[in-house]
Amino acid sequence: MTTNSTSASRASSRISSMSRFLVLAAIVGMLAACGSVPLPPMEVAPPRPAAAAGTPTAPDDGAPLPGPIVQGRSRWQPVRWSELPGFDTDETYEAWNAWLKSCERAPAPFAALCPEVRRLSLASPQEQRAWMMQRLQPYRVEPLNGPAEGLLTGYYEPMLEASRRPTASQNVPLYRPPATLGSRRPWYTRQEIDTLPEARAALRGREIAYVADPLDALVLQIQGSGRVRIAEPDGSVRTVRLAFAGSNDQPYRSVGGWLLQQGLLRDASWPGIKAWAVQNPQRVNEMLWSNPRTVFFREEPLSEFDASFGPRGAQGVPLTPGRSIAVDKDSIPYGTPVWLVSQGPVTSLQRLVLAQDTGSAITGAVRADYFAGWGPEAGELAGRLKQPLRLWVLWPK
């Protein structure tokens, strides 16, 4: 999926400013909670002058490398820090909030490092990079068979308008899980939910809210969560988060792929799909039913503080725009810091990110979904992002 450079630039700017705010918010909360309990002292290497392009940066560039690691569907090949493109220029403090979030549910290999991660929240990018080079070893992620280059896509948190009760214009329901969801696996397909009386009966009374566009409902299901402004019967409006609460266990099929196979579309981005739907309203259901998978939601309050973060990913911590990715958890464990490099028509990325989520379509060693944030600009970036990817995991020494 692709976007124009102007939209990518706006999204990148928004993500950068948002990340700075989140870092400061996390620091304030951390100091308030832990001010009476001093963290253990740690040694941090002094800042190093910025290296010229191509200059080795790690103090152990001449030391022997450890052996490779096989992790699930991937093989990790040890490399020098100097092999990570752009490592000397990333504003790593923007990723530190995501790392602090991962420390809330740190996996065993990283738990011992979390006190140091917290201490480094106020450090400069140079100090943070020096610490990473002291404590972590980079490994290039490769599939067990095949090329090391993979695929980067994007996802985001949609923002929708909805009504608590159906209206003439808002009559597409968003559902809680039905009580009978576990009684049959897989549950009814998308088409059966729309057409079978027994499926419709099982969902009666499970409606959370109603939106106007069935494609918006599909986008919300594919993304897994979203922010919804719900007009209540008394005229008030509440903004809530609809979070993933289950699925019908049917396989996911891309509606864009179906349109391409039918020869109906050349641009299978979401803007292209929506344009086709406007021109072909009589075939929208046929397109929607090509994807049998349906997602159910739970409604969560969205406080001002919660609104500063994304939804909780599969690791169980809130996602950070521009610094959280979804991965194949069998290839890269949750909570792992990852160096991500991707260059293409949509954007150019060389940055530290955290593996904090997964998705049904995110499979394979070198595969990631980039969390772009929320709102129209994030949706534009995520909807068009589809470009080559290289990954390096940063693993404790």
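Which residues is Pro 173 in contact with, leaving aside its neighbours within four places in sequence? I looked this up first and found Glu 207, Ala 209 and Tyr 210, where contact means heavy atoms within 4.5 Å. I note that this is a predicted model, in which local features need pLDDT of at least 70 and side-chain atom pairs count only at pLDDT 80 or more, while totals for chains, interfaces and linings use all residues. Residues are numbered from 1 along each chain as its sequence is written, and side-chain values use heavy atoms, with hydrogens and water left out.

Pro 173 lies in strand β6, residues 172-175; strands (E, at least two residues) and helices (H or I, at least four) are DSSP runs numbered from the N terminus. I counted Pro 173 as partly exposed because its relative accessibility is 22%, given that buried means under 20% relative accessible area, exposed over 50% and partly exposed in between, with a 1.4 Å probe and protein chains only.

I then turned to Ser 290, which I found in the loop between α11 (284-289) and β10 (295-301). Ser 290 is buried, since its relative accessible area is 18%, and its side chain reaches the backbone oxygen of Met 287 at 2.5 Å. Not counting residues up to four places away in sequence, Ser 290 touches Arg 253, Val 255 and Trp 258.

Met 287 itself, with the same kind of neighbours left out, touches Leu 215, Val 255, Trp 258, Leu 259, Ile 273 and Trp 276. In the largest nonpolar core, which has 67 residues, I noted Met 287 with Trp 99 and Met 132 as the residues that touch the most other members; such a core is a set of buried Ala, Val, Leu, Ile, Met, Phe, Trp, Tyr and Cys residues joined through side-chain atoms within 4.5 Å.

Next I looked at helix α2 (residues 93-103) and helix α5 (residues 125-135), which pack at an angle of about 55° with their axes 10 Å apart; the axes are lines fitted to C-alpha atoms over the stretch in contact, and angles run from 0 to 180 degrees between N-to-C directions. I found the contact to be made by Tyr 93, Trp 96 and Trp 99 of α2 and by Pro 125, Gln 128, Trp 131 and Met 132 of α5.

Last, I checked helix α8 (residues 214-223), where 7 of the 10 residues are buried, including Leu 215 and Gln 223. At its start, a side-chain oxygen of Asp 213 reaches to within 2.8 Å of the backbone nitrogen of Leu 215.

Note on methods: Polar contact = N/O pair within 3.5 Å; in protein donor to acceptor, adjacent residues only side chain to side chain.
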